[in-house]
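Student: Hey, can we walk through this structure together? I'd like to know how its parts fit and what surrounds the ligand.

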Amino acid sequence: MKKKYNPPFIEKTDVGMTNKFGFASVVDYQDNIEGVPVEEIVAKYDSPVMIFSETAIRNKYREMKTALQKYYPNSEISWSYKTNYLQAISSILHQEGAKPEVVSIMEYDMAKGLGQSGSDIIFNGPSKRKADLEQAVTDGASIHIDHLDELVLLESVAEQLGITPRVAIRVNMDIGVYPQWQRFGFNYENGEAMRTLQRIVTGGKLQIVGIHTHIGTFLLEASAYYFSAKALLELAMQLKDKFGIVVEYIDLGGGFASKNTLHNQYTPGEFASPNPEQYFAAIGRAFNEAQFTREENPKLIMETGRILVSEAGYCVSSVIGKKDLPTGQKAVILDAGVNMLITAWWYNLNIKPAQPLSGTSRNTIFYGPLCMNIDAR
Ligand SMILES: *Cc1c(COP(=O)(O)O)cnc(C)c1O
């Protein structure tokens, strides 16, 4: 058989990068997804195609649940709808036992459409209109208040409907995670959160059932959860001491990092991201240190998003053509771009050929199909 001709080329040696002068750059390939040949998938569904592994989602959920049970059994996981509200994905997580956490009435309706009871829904987000609140109050959903105007509106809705809504407040705080998400909820350090709780008690129209925070996303420090749990437990303790109100739950939001690697991250996510065990150990420690009696111990709710699905997805794309750029760099044009995979903007996605490649590998830039300069990785 004739050997394939590989034209000679000159490549700049980048210090610290692998190339033909460093260790051999073997390009790993993947021709199947959990045993199903990629070729077969493309023949059936065409290209480009997004694929999610049900097994991977279920396994991740169970890993999370097991770790959570170990460190704080009085707990549950809510599925953050905005992370991925494909019906199939949300349904899998509901089958596993996750309740819905939504940030808009659109997501709220989606959860109900999937057979979830309104009283199991956690309704978050900064933008809830009057009609949205009326719906949630009527259903008995847990409404997490974001700001004072929402509180006032909710009180008037409660009065109108003659129902006492179940509420929590969202709290923001400075626990060393930057940029600090000050835009959501009431501040902890300046006393605004406690004043708001007091305001709700004085108003007498809403029932405080929980306290909530969501400090950020892709948090690589498990200890951040220790501090945020401490702060919310402290608020819960004050609520009990001052007004005799014992909350049902502490909701620590989401934010666990998946094993993906961010563009600006030096250590690969595989090594840098804490495991669920490490996150829950930190949270469990805060709960163990709290001085609640056995009966009063609040339930812990986690509103998990990306860690459950980020590692379960694949995007299969085909090469439309190849190019040499004026800089000498190689480029490949694909039929999937940031329109299919917006996560390419923050994750350093692992791009693999679906068949073995021959010849020397070279640094290549990937262009998507859009006629926009932003569609490149
Ligand atoms: C997005 C979001 C989550 C999920 O966050 P992840 O970082 O994906 O785990 C949880 N709670 C709220 C309020 C959110 O907005």
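**Domains and ligand**

Tutor: Sure! Keep in mind that this is a predicted model. To start, the C-alpha centres of domain 1 and domain 2 lie 39 Å apart.

Student: Okay, and which residues belong to which domain?

Tutor: Domain 1 comes in two stretches, 1-47 and 319-377. Domain 2 covers 54-311.

Student: How many residues are in contact between domain 1 and domain 2?

Tutor: Eight residues of domain 1 are in contact with 10 residues of domain 2.

Student: And what area is buried between domain 1 and domain 2?

Tutor: About 650 Å², and carbon and sulfur atoms give 45% of that. On the domain 1 side, Trp 346, Tyr 347 and Asn 348 supply 76% of the area buried against domain 2, more than any other three residues.

Student: How many salt bridges are there across that interface?

Tutor: Zero salt bridges turn up between domain 1 and domain 2. What you do get there is seven residue pairs in polar contact. By class, the side of domain 1 that touches domain 2 has five nonpolar, one polar and two charged residues.

Student: Cool. Switching topics: which residues come nearest to the ligand?

Tutor: There are 13 residues around the ligand, and the nearest are Lys 82, Thr 217, Gly 255, Glu 303 and Arg 306.

Student: What does Lys 82 do there, in terms of distance to an oxygen atom of the ligand?

Tutor: An N or O atom in the Lys 82 side chain is 2.5 Å from a ligand oxygen. Arg 306 uses a backbone N or O atom instead, 2.8 Å from an oxygen atom of the ligand. Gly 305 also has a backbone N or O atom by a ligand oxygen, at 3.0 Å.

Student: So how much of the ligand does the protein bury?

Tutor: The protein buries 92% of the 390 Å² that the ligand exposes when taken alone.

Student: Last one: how do the residues of the shell around the ligand divide by class?

Tutor: Eight are polar and five are charged, with no nonpolar residues in that shell.

Conventions. Residues are numbered from 1 along each chain as its sequence is written. This is a predicted model: local features need pLDDT of at least 70, side-chain atom pairs count only at pLDDT 80 or more; totals for chains, interfaces and linings use all residues. Side-chain values use heavy atoms; hydrogens and water are left out. Domain bounds come from an automatic or database domain assignment. Contact means heavy atoms within 4.5 Å. Buried area is the accessible area (1.4 Å probe) that two parts lose on being put together, summed over both. A salt bridge is a side-chain nitrogen of Lys or Arg within 4 Å of a carboxyl oxygen of Asp or Glu. A polar contact is a pair of N or O atoms within 3.5 Å; within protein, one must be able to donate a hydrogen and the other to accept it, and residues adjacent in sequence count only if both atoms are side-chain atoms. Ala, Val, Leu, Ile, Met, Phe, Trp, Tyr, Cys and Pro count as nonpolar, Asp, Glu, Lys and Arg as charged, and the others, Gly among them, as polar. A residue is near a molecule or strand if one of its heavy atoms lies within 4 Å of it. Accessible areas come from the Shrake-Rupley method with a 1.4 Å probe; for residues, only the protein chains shown count as cover.
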